Amino acid sequence: MRPAGTRCWRRLRCAIDRREPYGPAGGLPGAIRVDRGKEFLCRTVTAAMGGFAVAVVDLPPYTPHLKGTVEALNDAAEEMHFVLLPRYLHRQKLTGGKSADPHAPALTFVAFVAGLLDWVNWWNSQHRPAGLDGRTPLEAWMADAAPLAEAPPEHLAHFSLESGRERTITSHGIRWHRRDYIADWMVGRTGTRVSIRHLPHHDDVIEIFAADGTHLGSAYLAEAAMVEQVRALRAARTASGRRLRADLKAAERLRWERFKAQTVAGPAERSRTPVRDEAAGELEGGARRDRHQLARPGLIPHGPAPEHWVQLVDPKQQDGRRDED
C-alpha cells in the first residue's frame, strides 16, 4: 500500500488544477480544514501545501458543522445516488419507497465509477439547488467575482506518482507502458535520461523530470495527441533541423584553409591567420555555449540589496570621493 500522503497528493492535484480534465473549478484555497483525517494531517501534505502558503487547519473532534458544505454534498450523494445502487449497505430504495431485490448482482467497478461520474456531472451542470437562485453549481462558480489564485502547472507536476526506473528520450519520444509519449520540448534532447510522474487513470499525459529533479515538461500520448500538439512538434523539429544545418555550414566554412595565389614556386602562404584575441574570443564563445546548455534558467535572479544592508565600497570610488572632499 502506498503512503497516505501520496494518495492525498493526487487528490490535491485534481482539486487544485483547473486544466482539463479537472477544471474549470479549482485553484489554491485560502486554507484546508481537515476533520482529523490522518492522511491529510501528515507532514507530507502539510509541507506540500506550505510551499503554496496554504495553511492546513485541524478541526476539533465532532464538529461536522465547521465543514457543512462538504457534509451536505456527501449526504446528497448518498441519499440521491448510492441508495439506488444494488447491494447498498443499509437498504436499497426504488422510486415509490419500494425495496429492491437484496440478491441483485453488484455493480462492477467500471460500472460504479461511470455511474458516479454521470451523477457528478448532473449535480454540477444540470442540478439547480434552491439556494443558488435557479443556477447550477457550475454557473454559480463561473459567475463568482472573487479573485482566484492558481498554481503553476510545473509546480503541480510534483503532485503525482513516480513510475520507478529512468527512461531515455528517443526520436520517437518516451516509451512508457508500451506506448509513445511526445512533446515539442523533446526536440534536441535525444539520449537524455529522465524520470516519469503520472496520475492514476489519467495516462494520456505524463510529467517528465530530469535526473536532478527539474521539471522538463509534459508529454502527451502520441496516438491521442491533439492536432495543435502535433503541429507544434513538427514545427519545433523543423526549426531544430534548420538551426543544425546552418550551424554545420558555418562550421564547415570556418574549417576551410585559404591560401594566397602564387605565380612562382614556393611554400604556401595562408591568406589570413586569426589573431590571438580573435582565436581566444571564438574559443570562449564555444565554452559559453556549452555552459549555457548546463544552466538552469528557472533560477530567480537576485534583486537589488536593501538600503539598510552594509555594502562594500569600491576602493577606486572611495579614493574619488576623498579627492572631491
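How exposed is Arg193, in terms of relative accessibility? At 43% relative accessibility, Arg193 counts as partly exposed. I shall return to this residue when I come to the salt bridges. Please bear in mind throughout that the model before you is predicted.

Let me begin with the chain as a whole. Its 325 residues include a buried share of 23%. The secondary structure consists of nine helices and nine strands. Among the contacts with a separation of 6 or more, 50% are between residues 24 or more positions apart. The chain exposes about 24300 Å², and carbon and sulfur atoms supply 56% of that area.

I turn now to the salt bridges, of which the count comes to four. I shall discuss three pairs, including that of Glu150 and Arg18, whose side chains meet at 2.9 Å, N to O. This pair links distant parts of the chain, 132 residues apart. Glu150 is in the loop between α5 (137-143) and α6 (153-156), whereas Arg18 is in the loop between α1 (4-16) and β1 (31-34). Arg18 has a relative accessible area of 25%, so it is classed as partly exposed.

Another of these pairs is Glu139 with Arg128, where the side chains form a salt bridge at 3.3 Å, N to O. Because Glu139 lies in helix α5 and Arg128 in the loop between α4 (109-125) and α5, the pair ties together parts that are eleven residues apart in sequence. Both partners are partly exposed: Glu139 has a relative accessible area of 38%, and Arg128 has one of 46%.

This brings us back to Arg193. Its side chain meets that of Glu166 in a salt bridge, at 3.6 Å, N to O. Glu166 lies in the loop between β3 (161-162) and β4 (167-168), and Arg193 is in strand β7 (residues 193-199), so the bridge ties together parts that are 27 residues apart in sequence. Glu166 is partly exposed as well, with a relative accessible area of 35%, beside the 43% already quoted for Arg193.

Next, a single loop position. Which residues does Ser171 touch, not counting those up to four places away in sequence? On that basis, Ser171 touches Thr190 and Arg237. Ser171 itself lies in the loop between β4 and β5 (174-176). Its relative accessibility is 53%, so Ser171 counts as exposed, the cut-off for that class being over 50%. One further distance may help you locate it: the C-alpha atoms of Ser171 and Gly188 are separated by 9.2 Å, and these two residues are 17 apart along the chain.

Finally, the surface, where I would point out two patches. Which residues form the positive patch? It is formed by Arg242, Arg243, Arg245, Lys249 and Arg253. Of its members, Arg253 is found in helix α7, which covers residues 227-255.

The other patch is nonpolar, with an area of about 410 Å², and it is made by Leu107, Phe109, Val110 and Phe112. Phe109 has its place in helix α4. With a relative accessible area of 61%, Phe109 is exposed.

To close, I would leave you with two items for inspection in the structure. One is the bridge between Glu150 and Arg18, which links distant parts of the chain. The other is Ser171, an exposed loop residue that touches Thr190 and Arg237. Thank you for your attention.

Note on methods: Residues are numbered from 1 along each chain as its sequence is written. This is a predicted model: local features need pLDDT of at least 70, side-chain atom pairs count only at pLDDT 80 or more; totals for chains, interfaces and linings use all residues. Side-chain values use heavy atoms; hydrogens and water are left out. Helices (H or I, at least four residues) and strands (E, at least two) are DSSP runs, numbered from the N terminus. Buried means under 20% relative accessible area, exposed over 50%, partly exposed in between (1.4 Å probe, protein chains only). Contact means heavy atoms within 4.5 Å. Accessible areas come from the Shrake-Rupley method with a 1.4 Å probe; for residues, only the protein chains shown count as cover. Patches are made of residues with over 30% relative accessible area and no salt bridge: like charges are joined within 9 Å, nonpolar side chains (Val, Leu, Ile, Met, Phe, Trp, Tyr) within 5 Å. Lys and Arg count as positive and Asp and Glu as negative; His and the chain ends are not counted. The place of a charge is taken as NZ of Lys, CZ of Arg, CG of Asp or CD of Glu.
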